[in-house]
Amino acid sequence: MIGNSPIALESLPCAREILRELDSDDPAPPLYLIRGRSGTGKSILLAAARTRLRHRGLTLTDNPRDALPSAGSESAGAQAADAAAPGGPAAPARPALVLDDVHTLDRTAFELLCTTVESARCPVILAMRPRPHDARLRELADLVARRGRVLDLRALGVAEIAPFARELGMMVPPSLAQHIHNRTAGIHGGVVAALTAACATRLDAGVAAVDDAVAAWARTRLDEADPDLLDTFVVAAIGAGLDTSEITEVLDVSPSAAQALVDRARGSALITDADLLLEPAVPALRTLVGDRRYLAVQRRLLHARLDAGLLREHTALLLAESGVRDPQLAEFLCTTAEKAGDEAVRHYAAASAAGADREAIAVRWADAAARAGDCETALRLAEPVLARADVSPPELAAAVRICAGVWTRRGLTARAAQLYTWLGPHRIGADWAVGATILSLAGDAAGARTLAAFSSHWPPTEATARAALIADALSGTTAAAEIPVRPTDSIPSTSDSSQLPHGSTPDRTSSETPHGAASATRRSAGALPAEPQDDLGPADAGFDRPPGTPAASDIGSRSRSTPGGSGRSVPAAPITRRADRRPDTPGTHWPPTLSMTSDSAPRPASIPDGAGDSLPTTSIPGALASATRRAGPAPGGRGAAVAAAAALIHAAHSGVAPADNGGDRFLPCSAVSIATLLCLSMGDPRRAADALRDGARDPQQRVLGAWVAMLGGNEQAAAEALGGVDLATLAPRDRLLAHGALVGLARRGGDHTALTVAWRAACPLFDEVGADLLALLPIGELWLAGVRLRDEARVLPLVDAALELLRRLGDPPAWANAFHWYAIQAAIAHESPGDLLPHAHRLKTAAAAGDPQAAALADAGRTWVLVLRGEVEREAVEAAVQRLAALGASWDAARLASEAALAADDAATATALLKLARTVRAQSRPPEAPVRPGAPEAPVPRPQPVVDAVLSDREREVAELVLLGLTYREIGARLYISAKTVEHHVARIRRRIGASSRSELLSMLRAMGHGSLLV
């Protein structure tokens, strides 16, 4: 081979073999027919063949007549035979026929070519585009196949583009090679244009350069096409394929002409193997033929498909999205949208573009958008329906369900409840279960029961069964001792008078704080009358009030120090009084839509304070008295909560499409999320893990799994679960759960820096969400983090809203116990027994009703206060620790044991409690998978020991905590060992690594890679 060939030989089949045969001294003249679509490299291969033939001294021609045998063919044959004999005279030079685009020859030239091929007297190399329906070309191919070789060139695959580029002296990354293949379908001409542009620009601008280059190359190819071929390309642009009979009807040509057009289109460089027009060619094609002609061809294609009953969803979508407006097309897309699943949003959008009535499909479109996670589109479509006067009751109820569902997922459950309060039970229809669920989550149990009373009017269909299960189960967890309220005391709508109908005036006042109550302190006790002290006296509870500590009834109005301990206080604001609102009150005729609400968070209702201005004086105390004196388990007690959890788990894993929230309907929250958070609130992380079984590991379930692992004591698994979640893609309520878990992990890890980072990332969310039953756990974790970081005031509005929510529901144990435990932890961190008393009283009340979780938490709180006083009773501490661990609160249990060990005066007691703390933590972690011995392997050289190997496992743990800046006492509490033992470990570490000072010790530990683990 002479010289450098400009062709990438490895990318063309048999290219090297052909060129090698042309360079050989084989006396038999070569005969090749090269077939391939336009742009596949035929002309480049012919150019390389011409170079080889010239090197052999042959003259070249592209005229078949020049290569024909002369009139004296017999004498010429004899002379050739004599020349072939040894010692004979040299044969005269014969021309070689190299001819491109054979498919364009006229009849005379084609017959001469066939004669030349049959004579086989000279080298012949031909190239043409495939024409499978052209009889002449088929005969030529058969003739060449009998005497020579027929080669078919194909497009490049994805894996072949990078080697192809290297042969051309170019380098492209795999991602760019994939993009080039997507844009060109592997056609050589397009690939070369793309590679040239990519290599001539910066790496970060390669994709844009490729797109521009391929579009320019496609435009050049389109310029070569005639009008009929351009119309054929328009048909191919819809993705409907190229069918001869359809082309005949759409373009109004004869069948033979249609077949020729199909062959020409498939032989071009712009049609893929699937009969699709390359995407970069579509804009250029539309510009070239004009919009009018482009849409006219597509409209004729639509009617041809409709008449034949062959219109498919994909074709209809492309037709509508390209601009075809037709009532039949719009009707077709509306019908297919009902069965399109995740593609339903695209179908409705295309139907609207095709001319469908936007108002008629708004609710169905919004529901599809909500199920697909596009809450912005869902709200934009559903909210105008609420204000329409001509909307039917079922559509109005569906629009309310969609808007309320979006707001609930955004953490604005109170605003969603306002919508159902506005809708009322007589218009809610079959969506009563969704409304009851939202009202229960928002703390309006009476309103939820009112809606549930209408359940008998609607059949338990497959579409509503799951929602009914959720509503009934959730109602069962909140049925204990709620405060009696009148039917008109449900959650009111907003009071912005500027948004009320003309002539209406607001009939109540409303707090304009983000969470509806302008309280800067917790209304834990001040919101309720003082409970009878004969049920739980300070001495009986173990919470004796020190001198100067305010009574429980005064805590709600107690000032709280601001962060940093400056001594400044934030007084408690009074609970806003709200007048009664009846269904026919002016202002309730308008739905509380997003545009009517100026703030970004809900305004939960508040029960007026005061002895008897708007409520009977016996209503609140009477309800509490009946709750504390009720004999046996309450309807909403532990048994009811366990049954509710079982029903929710059943709802999550039964019926059609159990992984979906509501099957074919958009629901505000899934049964899986409610069941998981309920089980965690009840202190049953194992059952919570069962609720997550067999579920799709979507981001929400990964966050829930992190909570299950964290509260179950497996912080490492929780961190791994959160590591794969992009928080920015989560809905605000799920994002609150994720931030709560991140803060909880940092707090349990003892890493102040990580806790600060997690806290700051969570703070912006406090102004976006409100409190509901599903947000209690993350609010509690964030509360404790705020206390530890001396920034409690930032999260107190959410805490106040959560306490007010529980108060309205009468502190149902299934949801309230865990939050009261958080409150007790916050009081302990504040070293303020006065804050602890009201929450301990509520736990004591629930324990008296037979709730084992409340009993264990109350006992643990009492024991913890005694430990803080220095009164450590080994048996009492061990019993409290074991009961906490049995509830899944292993981290709290181990921390109580370690705190008691540090406070114990007796060395034996301290040692036993430290051992108990280690045991509790060890038992909470999942067992390691057993290592099974494998097949014996050949011995390998032992690796050189690394520097980190000089420290034991315990010493590495101590080193990590030393680098965090913890004291020996804090490290001991963290690892459940004594401070003296920590000191011995540090001394041993210094000796082993040769550190002469503490600063040198820290530097060497960091150099060894310590300081990055969560211990």
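The paragraphs below lead through this structure, from its overall make-up to particular residues and back to the confidence of the model.

What stands above is a predicted model, and the protein in it has 1015 residues, of which 52% count as buried. Its secondary structure consists of 46 helices and seven strands. The accessible surface of the protein comes to about 44,500 Å², and carbon and sulfur atoms account for 54% of that area. When contacts between residues at least 6 apart in sequence are considered, 73% of them join residues that are at least 24 apart.

The interior can be approached through its nonpolar cores. In soluble globular proteins, nonpolar side chains tend to be buried together. Here the largest nonpolar core has 121 residues, and those with the most contacts inside it are Phe233, Leu270, Leu277, Leu285 and Leu329. Helix H20, which covers residues 393-409, supplies the largest share of this core, namely 10 residues. Another core lies apart from it and has 85 residues, including Leu730, Leu737, Leu773 and Leu776. To see what the surroundings of a core residue look like, one may turn to Leu329, which touches Leu302, Leu311, Ala316, Leu319, Ala320, Val324 and Ala354, when residues up to four places away in sequence are not counted.

Charged side chains also meet one another, and the structure holds 33 salt bridges. One of them joins the side chains of Arg35 and Asp152, with 2.9 Å from N to O. Arg35 lies in strand E1 (residues 31-35) and Asp152 in strand E5 (residues 149-152), so this pair ties together parts that are 117 residues apart in sequence. Both partners can be placed by their accessibility: Arg35 is partly exposed, with a relative accessible area of 24%, and Asp152 is likewise partly exposed, with a value of 45%.

A second example is the salt bridge between the side chains of Asp211 and Arg183, which meet at 3.4 Å, N to O. Because Asp211 belongs to helix H9 (residues 206-223) and Arg183 to helix H7 (residues 174-184), the pair ties together parts that are 28 residues apart in sequence. Asp211 is partly exposed, with a relative accessible area of 23%, whereas Arg183, with 18%, is buried; the two values fall on either side of the cut-off, since buried means under 20% relative accessible area.

A third salt bridge, between the side chains of Glu781 and Arg747, has a distance of 3.1 Å, N to O. Glu781 is part of helix H35 (residues 776-788) and Arg747 is part of helix H33 (residues 732-749), so parts that are 34 residues apart in sequence are tied together by this pair. Glu781 counts as buried, at 0% relative accessibility, and Arg747 is buried as well, with a relative accessible area of 9%. Salt bridges can also link into a network, as they do for Asp367, Arg371, Arg401 and Asp431.

Two single residues show how positions along the chain relate to positions in space. Arg427 is found in helix H22 (residues 425-428) and counts as partly exposed, at 33% relative accessibility. Although Arg427 and Pro394 are 33 residues apart along the chain, their C-alpha atoms are separated by 7.9 Å. Leaving out residues up to four places away in sequence, Arg427 touches Pro393, Leu396, Ala397 and Trp422; in the case of Trp422, the backbone oxygen lies 3.1 Å from a polar atom of the side chain of Arg427.

Val391, by contrast with a helical residue, is found in the loop between helix H19 (375-386) and H20, and it is buried, with a relative accessible area of 14%. Its C-alpha atom is 9.4 Å from that of Glu359, a residue 32 positions away in sequence. Val391 touches Val385 and Leu396, again without counting residues up to four places away in sequence.

Finally, the reader should ask how confident the predictor is in each part. The mean pLDDT of the protein is 75, and 75% of its residues reach 70 or more. Among the elements, helix H17 (residues 344-353) has the highest mean pLDDT, at 93, and helix H27 (residues 619-629) the lowest, at 31. Over residues 71-92 the pLDDT is below 50, and this stretch has seven contacts in the model beyond near neighbours in sequence. Residues 594-635 also have a pLDDT below 50, but this stretch has 102 such contacts in the model.

Key
Residues are numbered from 1 along each chain as its sequence is written. This is a predicted model: local features need pLDDT of at least 70, side-chain atom pairs count only at pLDDT 80 or more; totals for chains, interfaces and linings use all residues. Side-chain values use heavy atoms; hydrogens and water are left out. A salt bridge is a side-chain nitrogen of Lys or Arg within 4 Å of a carboxyl oxygen of Asp or Glu. Helices (H or I, at least four residues) and strands (E, at least two) are DSSP runs, numbered from the N terminus. Buried means under 20% relative accessible area, exposed over 50%, partly exposed in between (1.4 Å probe, protein chains only). A nonpolar core is a set of buried Ala, Val, Leu, Ile, Met, Phe, Trp, Tyr and Cys residues joined through side-chain atoms within 4.5 Å. Contact means heavy atoms within 4.5 Å. Accessible areas come from the Shrake-Rupley method with a 1.4 Å probe; for residues, only the protein chains shown count as cover. A polar contact is a pair of N or O atoms within 3.5 Å; within protein, one must be able to donate a hydrogen and the other to accept it, and residues adjacent in sequence count only if both atoms are side-chain atoms. pLDDT is the predictor's confidence in each residue, from 0 to 100.
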